[in-house]
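Work through the exercises below with the model open beside you. Try each task before reading its solution.

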Amino acid sequence: MRAQVLLFPTITAYGRLYCAPRRLHRYNSSSSPFLNLSLSRFSGGLFFHMESGTSSSGKKAMVENLKRYGVISSKRVAQVMEALDRGLFVPVGSSAYVDTPVPIGYNATISAPHMHATCLQLLEDKLQPGMRALDVGSGTGYLTGCFALMVGAEGRVVGVDHIPELVDMSIKNIEKSVAASLFKKGSLSLHVGDGRKGWQEFAPYDAIHVGAAASEIPQPLLDQLKPGGRMVIPLGTYFQELKVIDKNKDGSIKVHTETSVRYVPLTSRDEQLGGF
Ligand code: SAH
């Protein structure tokens with residue numbers, strides 16, 4: 001497997017070449033406008049093309065680039081993204097290590113690596129060994145798997161997606177990965193459900209990640225966040241912002257905006273399968 005490093009801000013996405021300026025880039029309007037990426041943190045400038053499949057050098061180069069562009073500053077996040085091979089989670093034939101979202105069917109995408117890295121960094125303090133995390137809209141299971149590696153066998157990670165086929169696929173992906181033993185031992189589980197209701201069984205959670213954009217913060221997710229816990233959730237419809245919600249020890253809430261993003265909507269199954 002060969003990784004080719006390009007020194008220009010050009011990526012191949014959905015079969016077309018794009019120029020990717022540092023702070024804003026254009027989309028292929030014929031593909032989904034919802035791409036699960038940050039509009040300001042797109043790493044731009046140094047990309048590499050991989051043939052499909054898995055590759056330890058591709059994985060390493062992906063993490064190195066995210067470090068170089070300041071997206072990853074945490075050693076733990078770098079280690080986890082290098083340990084869990086994105087190549088096992090993207091559909092066969094797609095480029096695993098390019099910094100771009102990839103369609104996974106059912107009108108969903110696996111988020112771009114810089115988006116996964118950003119969310120891991122924002123949640124890192126709440127993903128210490130033994131802690132509990134909920135991943136709403138778990139899709140391929142990649143980020144859920146990263147959470148599981150961070151909280152370890154003493155922790156508890158729950159992924160929820162409302163498309164049964166995606167949950168089946170995510171379980172198969174995890175079973176092929178370094179997170180397989182955590183899944184087998186039960187510290188990581190993946191479920192079919194409406195993530196807007198959270199997953200009460202293992203609440204409260206130190207960390208909640210929502211991988212699809214909500215029009216408002218679902219109350220059950222706020223209720224299932226532990227005092228002292230943190231939620232990361234994209235909010236908005238066309239214009240979206242990644243919000244970081246901290247629940248103080250007294251139960252009060254503090255919200256800040258991290259960056260502008262473009263995610264698929266957090267919606268009903270029918271609406272998603274009907275193309276929104
Ligand atoms: N974070 C995942 C997937 C992101 S795409 C990854 O990177 O692989 C967003 C996901 O949210 C899709 O898989 C979609 O099916 C799911 N989703 C959207 N609305 C949902 C809802 N109400 N409940 C559960 N999952 C939902």
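**Exercise 1. Decide whether strand 8 is enclosed or open to the outside, and find its neighbours.**

Solution.

Step 1. Strand 8 covers residues 132–136, and four of these five residues are buried, so the strand is largely enclosed by the rest of the structure. The model is a predicted one.

Step 2. Look for the strands that pair with strand 8. Strand 9 (residues 156–161) is joined to strand 8 by five bridges, and the two run parallel. The chain gets from strand 8 to strand 9 by way of helix 4 (residues 142–151), and this β-α-β crossover is right-handed.

Step 3. Strand 11 (residues 205–210) also runs parallel to strand 8, with four bridges between them.

Step 4. Use A133 to check both pairings. Its bridge partner in strand 9 is V157, and in strand 11 A133 stands opposite A207.

**Exercise 2. Write down the strand order of the open sheet of eight strands and name its edges.**

Solution.

Step 1. Strands of a sheet pair through backbone hydrogen bonds, in either a parallel or an antiparallel sense.

Step 2. Going across the open sheet, the order is 4-14-13-12-11-8-9-10, and the pairing is mixed.

Step 3. Strand 4 (37–38) and strand 10 (188–192) are the edge strands, since each pairs on one side only.

Step 4. Find an antiparallel pair. Strand 4 and strand 14 (residues 253–262) pair in this sense over two bridges. In this pairing, S38 stands opposite V261 of strand 14.

**Exercise 3. Classify C119 and C146 as buried or exposed, and count the disulfides.**

Solution.

Step 1. A residue is buried when its relative accessible area is under 20%.

Step 2. C119 has a relative accessibility of 1%, so it counts as buried. C146 has a relative accessible area of 0%, so C146 is buried as well.

Step 3. The count of disulfides in the structure is zero.

**Exercise 4. Describe the surroundings of the ligand.**

Solution.

Step 1. There are 25 residues around the ligand, and those that come nearest are H116, T140, D161, G195 and T267.

Step 2. List some polar atom pairs. A polar backbone atom of G137 is 3.2 Å from a nitrogen atom of the ligand. For T267, a backbone N or O atom lies 2.7 Å from a ligand nitrogen atom. With Q272, a polar side-chain atom lies 3.0 Å from an oxygen atom of the ligand.

Step 3. Consider the ligand's area. Taken alone, the ligand exposes 570 Å², and the protein buries 100% of that.

**Exercise 5. Locate S138 and Q240, and decide whether each is buried or exposed.**

Solution.

Step 1. S138 lies in the loop between strand 8 and helix 4. Its relative accessible area is 7%, so S138 is buried.

Step 2. Compare sequence and space for S138 and G195. They are 57 residues apart in sequence, and their C-alpha atoms are 9.2 Å apart in space.

Step 3. Q240 belongs to strand 13 (residues 240–247). At 4% relative accessibility, Q240 counts as buried. The side chain of Q240 reaches the backbone nitrogen of Y263 at 2.7 Å.

**Exercise 6. Examine the backbone angles at Y106, F276 and the bond between A203 and P204.**

Solution.

Step 1. Recall the usual case: most residues other than glycine have a negative phi, and most peptide bonds are trans.

Step 2. Y106 has a positive phi of about 60°, although it is not a glycine. Y106 is found in the loop between strand 6 (102–105) and strand 7 (108–110). With a relative accessible area of 36%, Y106 is partly exposed.

Step 3. F276 has a phi near 75°, which is again a positive value in a residue other than glycine. F276 sits in the segment after helix 8 (269–273). Its relative accessible area is 33%, so F276 is partly exposed.

Step 4. The peptide bond that joins A203 and P204 is cis, with omega about 5°. P204 lies in the loop between strand 10 and strand 11.

Terms used. Residues are numbered from 1 along each chain as its sequence is written. This is a predicted model: local features need pLDDT of at least 70, side-chain atom pairs count only at pLDDT 80 or more; totals for chains, interfaces and linings use all residues. Side-chain values use heavy atoms; hydrogens and water are left out. Buried means under 20% relative accessible area, exposed over 50%, partly exposed in between (1.4 Å probe, protein chains only). Two strands pair if DSSP finds at least two bridges between them. A crossover is right-handed if, with the strands pointing away from the viewer, the path from the first strand over the helix to the second runs clockwise. A disulfide is a pair of cysteine sulfur atoms within 2.5 Å. A residue is near a molecule or strand if one of its heavy atoms lies within 4 Å of it. A polar contact is a pair of N or O atoms within 3.5 Å; within protein, one must be able to donate a hydrogen and the other to accept it, and residues adjacent in sequence count only if both atoms are side-chain atoms. Accessible areas come from the Shrake-Rupley method with a 1.4 Å probe; for residues, only the protein chains shown count as cover.
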